[in-house]
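These are my notebook entries on a structure that is new to me. I set down what I looked up, in the order in which I looked.

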Number of protein chains: 2
Amino acid sequence: MNNGTMHTIRAFDEDLDQLRVQVLEMGGLAEAAITASVDAMIHRDLEGALRVVENDRRIDAMELEVERLAVRLIALRAPMADDLRSVIAALKIAGVIERMGDYAKNIAKRVPVLDAAGPLEPISVLPAMGRAVSHLVKDALDAYANGDTESAVLVCQRDREIDDFYNSLFRTLLTYMMEQPHNITPSAHLLFVAKNLERIGDHATNVAEMVYYAATGEQMTERTRGNDTTANLGANMEKQA
Amino acid sequence: MNNGTMHTIRAFDEDLDQLRVQVLEMGGLAEAAITASVDAMIHRDLEGALRVVENDRRIDAMELEVERLAVRLIALRAPMADDLRSVIAALKIAGVIERMGDYAKNIAKRVPVLDAAGPLEPISVLPAMGRAVSHLVKDALDAYANGDTESAVLVCQRDREIDDFYNSLFRTLLTYMMEQPHNITPSAHLLFVAKNLERIGDHATNVAEMVYYAATGEQMTERTRGNDTTANLGANMEKQA
């Protein structure tokens, strides 16, 4: 492993760049899917929703491609400590992005049901939440692109805005259900849409945590993050709906 | 890499066994958390629920331990093709198990809210769904322990039972909300509990898919699985709530 280290390292860096580019391209698709799924929901755009569902296969396929690249890279270059950590981080981030795509797809799949249900008050809050989530995902991916730990920490802090959106939507939707029984079915679907957006935000923080870990070799602590523990530790499921 | 291959392989196998044992131990904790969270919900056991939430930190810590082991194994043994695929599978399965633990934790976190809400009809279906999900997770982990591709395929097929449970619960809970506005808040939480169980079932199929991939080097096709595509492709988010 130690012979010709310089050469190995240079070749490794090229491979790692290629891997990072793949992951970022995949992230771009997921980011677009999130925006498109919320737009499709707002505008009752059934075709747009269908495109989100179909495009998700590309995201899934890219995750497998990232995995193949990573495995080939490890087998070819046998990277050590930090390098290996970067490869593992790329693998894990690709897995998280695939999940984000699934959430966007799930939002898109509810568009027909919501379309049949007629207009709904709380939907007016969802575009803002959708935009905030897309931005958070974009910033998490930028932090990955630049190995920027400061931005990564900011992403984790900003996830709280998303949680506030979610909690307010949860309450609004329940009130809405109580006012009109015929609102119950569409509102139940919107509850899941809001939950999906909240989970995407949590996954953005997962990406940020991996960026931090890959760059520093340490887990992001609550101190680094400046959050109260229950708000983020263990990522997405700590929060009460 | 080709010098002393036999020795390398034997040492690698020992390391891989150690990795597998860690992943399975982690899986056992998640399985226990799923059962405990549903029990705590049924019996309004606040202390039991709190234990599930606290124990989830152990599951999170074990995922990091699995990652450290895997990274050390790769750096030390520089495994090739199939061996490397087994290590990557262990890493990914640990990630999925961590998520299962999060879902169990989220169920546990809703116990206080549900406790305050008084008895609820549909809860009577949840124990059965909880048992079915725990069994599916157990079978997925057994398939991993034994590298048993046939059982892995069965797990993916049986996930449909879980989806049936979920769809029936979804309808029951909505009817329940329509009957009594004061049922709306607890029922909304039960919707998420049911969704969490359904997602755990999906993650069990993810594990089964990884077992299949690690053993065969091929993705499990819809043909192998004998399902209709929309029911499982892209795992958990394809289904309509």
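**Entry 1: Helices across the two chains**

I began with helix H7 (residues 184-216) of chain A and helix H6 (residues 149-179) of chain B, whose axes come within 10 Å and cross at roughly 125 degrees. Here axes are lines fitted to C-alpha atoms, for helices over the stretch in contact, and angles run from 0 to 180 degrees between N-to-C directions. Helices (H or I, at least four residues) and strands (E, at least two) are DSSP runs, numbered from the N terminus. H7(A) and H6(B) are therefore oblique to each other; angles under 35 degrees count as roughly parallel, over 145 as roughly antiparallel, 65 to 115 as roughly perpendicular and the rest as oblique. I noted the crossing of H7(A) and H6(B) as right-handed; a crossing is left-handed if the near helix is turned anticlockwise from the far one by less than a right angle, and right-handed if clockwise. On the H7(A) side the contact includes Ile184(A), His189(A) and Phe192(A), and on the H6(B) side it includes Tyr166(B), Phe170(B) and Met178(B). Contact means heavy atoms within 4.5 Å.

**Entry 2: Basis of the model**

I record that this is a predicted model, in which local features need pLDDT of at least 70 and side-chain atom pairs count only at pLDDT 80 or more, while totals for chains, interfaces and linings use all residues. Residues are numbered from 1 along each chain as its sequence is written, chains are lettered from A and ligands numbered from 1 in the order in which they are written, and side-chain values use heavy atoms, with hydrogens and water left out.

**Entry 3: Helices within chain B**

I next looked up helix H5 (residues 126-146) of chain B, which packs on H6(B) at about 165 degrees with the axes 10 Å apart. H5(B) and H6(B) are therefore roughly antiparallel to each other, and their crossing is left-handed. Among the residues that meet are Leu126(B), Met129(B) and Leu136(B) of H5(B), and Val155(B), Ile162(B) and Tyr166(B) of H6(B).

**Entry 4: Relation of the copies**

How is chain B superposed on chain A? A rotation of 180 degrees with 0.0 Å of shift along its axis does this, at an RMSD of 0.0 Å; the fit is by least squares on the C-alpha atoms of residues with pLDDT of at least 70 in both. That is the relation of a two-fold axis. In chain B, the C-alpha of Ala78(B) is nearest the axis, at 2.8 Å. I also found that 100% of the interface residues of chain B are interface residues in chain A too, so the copies meet through the same surface.

**Entry 5: Confidence**

I read a mean pLDDT of 87 for chain A, with 88% of its residues at 70 or more; pLDDT is the predictor's confidence in each residue, from 0 to 100. Among the elements of chain A, helix H9 (residues 229-232) has the lowest mean, 33, and helix H5 (residues 126-146) the highest, 96. The model scores ipTM 0.82 and pTM 0.86.

**Entry 6: A loop residue**

I checked Arg44(A), which is not a glycine yet has a positive phi near 50 degrees. Arg44(A) sits in the loop between helix H1 (5-42) and helix H2 (46-77) of chain A.
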